[in-house]
Each structure stands twice: as C-alpha cells, then as structure tokens.
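Trainee: I would like to learn how to read salt bridges in a model. Could you take me through them step by step?

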Amino acid sequence: LKCAASLPYPERANHTRSKMGDLKTVIEANNAKFMACFKANDMKGLANLYTEDCKLMPTGMETQHGKQGPVKVFQGAWDGGVREVQLIVEECGPMGSDLVYERSTYVMKAGDGSVADTGKYVVIWKKVDGSWFMHIDIFNTNKA
C-alpha cells in the first residue's frame, strides 16, 4: 500500500477520493446501526457503538463521559418523544491511521413523523481492535 502523498498528482487524487469513499461507507454503515438501535429504543446497543472512554457533548449539557453518556442523552431524547434519528454524512476524512472525523447533520422525528429537531454534529471516530467506534461526539441543534 502506497502513501497517497508519494503518488503522482492524478493518482494521488484518485487514491484520496477512493479512501474517502471507503471511510464514508464505513461511517454510513455504523450510522445505520445507530439509527436502527435508536428506533428500537436499544440505548445499550447504541452505546456499544461508542468507545469505553467516549465523550458526548450535547447542546445544553455538561460533557458526558463513558458509555453511560450515550444512554443518558439518547434515552432522554426518546423519553421526550423522539422516535427516529436520521444522520446525513456531509464530510469525512482521516486524521492519522486510527482516527477519522465526520461532519454531518441530523434530523430527529417524533412518533407521528413530525420533525422534532434538526442540527449538526462532528464525531471523531477511533479504530479499536480493527473496528471503528465513536469516540468524541459533539452536536448542536439548529433551533434558536
């Protein structure tokens, strides 16, 4: 495997686009698991998509540390009437060999399908034992 920076420009650009496409596919697959867990009210399953020492930084709350953070935050959304979360990946890229960033948007929907919230987020993904997990997750509502 060649380092993309050592390749001639056209080949380097194609290599970089290919790698970004692969990363986006991995992130979208993990996000699909997140959305399915949330929709099933499986907050422990959802928390298993995070690292053991994850940090969650939601709007209006202190930073939540560890796997109880996602359980607390997303169970709170469920208890508040949210029944579906849609995650839309806008940008992602490598940050070394074991970290990836994701910049995306979300839509939260109530049980009747109405939009409960929209916003944006950034996740730092961390590779642990060959698998990708959410490590740092910060999100903000678009509501004023």
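**Reading the salt bridges**

Mentor: This model is predicted, and in it Glu90 and Arg103 form a salt bridge whose closest N and O atoms are 2.7 Å apart. The two residues belong to distant parts of the chain, with Glu90 in strand β3 (residues 82–94) and Arg103 in strand β4 (residues 99–110), 13 residues apart.

Trainee: How many salt bridges does the structure hold?

Mentor: The structure holds three. In another of them, the side chains of Arg103 and Glu91 meet at 2.9 Å, N to O. Because Arg103 lies in strand β4 and Glu91 in strand β3, this pair ties together parts that are 12 residues apart in sequence.

Trainee: Which residues are joined into one network by salt bridges that share partners?

Mentor: Glu90, Glu91 and Arg103 are joined in that way. As for accessibility, Glu90 counts as partly exposed at 42%, Arg103 is partly exposed at 34%, and Glu91 is partly exposed at 33%.

Trainee: Where in the chain do Lys67 and Glu52 lie?

Mentor: These two residues form a salt bridge, with their closest N and O atoms 3.5 Å apart. Lys67 sits in the loop between β2 (64–65) and α3 (68–79), while Glu52 is in strand β1 (residues 50–58), and the pair links distant parts of the chain, 15 residues apart.

Trainee: Is Lys67 buried or exposed?

Mentor: A residue is called buried when its relative accessible area is under 20%, so Lys67, with 19%, is buried. Glu52, by contrast, has 62% relative accessibility and counts as exposed.

Key
Residues numbered from 1 in each chain as written. Predicted model: local features only at pLDDT ≥ 70, side-chain atom pairs only at ≥ 80, totals over all residues. Heavy atoms only, no water. Salt bridge = Lys/Arg side-chain N within 4 Å of Asp/Glu carboxyl O. Helix = DSSP H or I, 4+ residues; strand = E, 2+ residues; numbered from the N terminus. Buried < 20%, exposed > 50% of the residue type's maximum accessible area, 1.4 Å probe, protein only.
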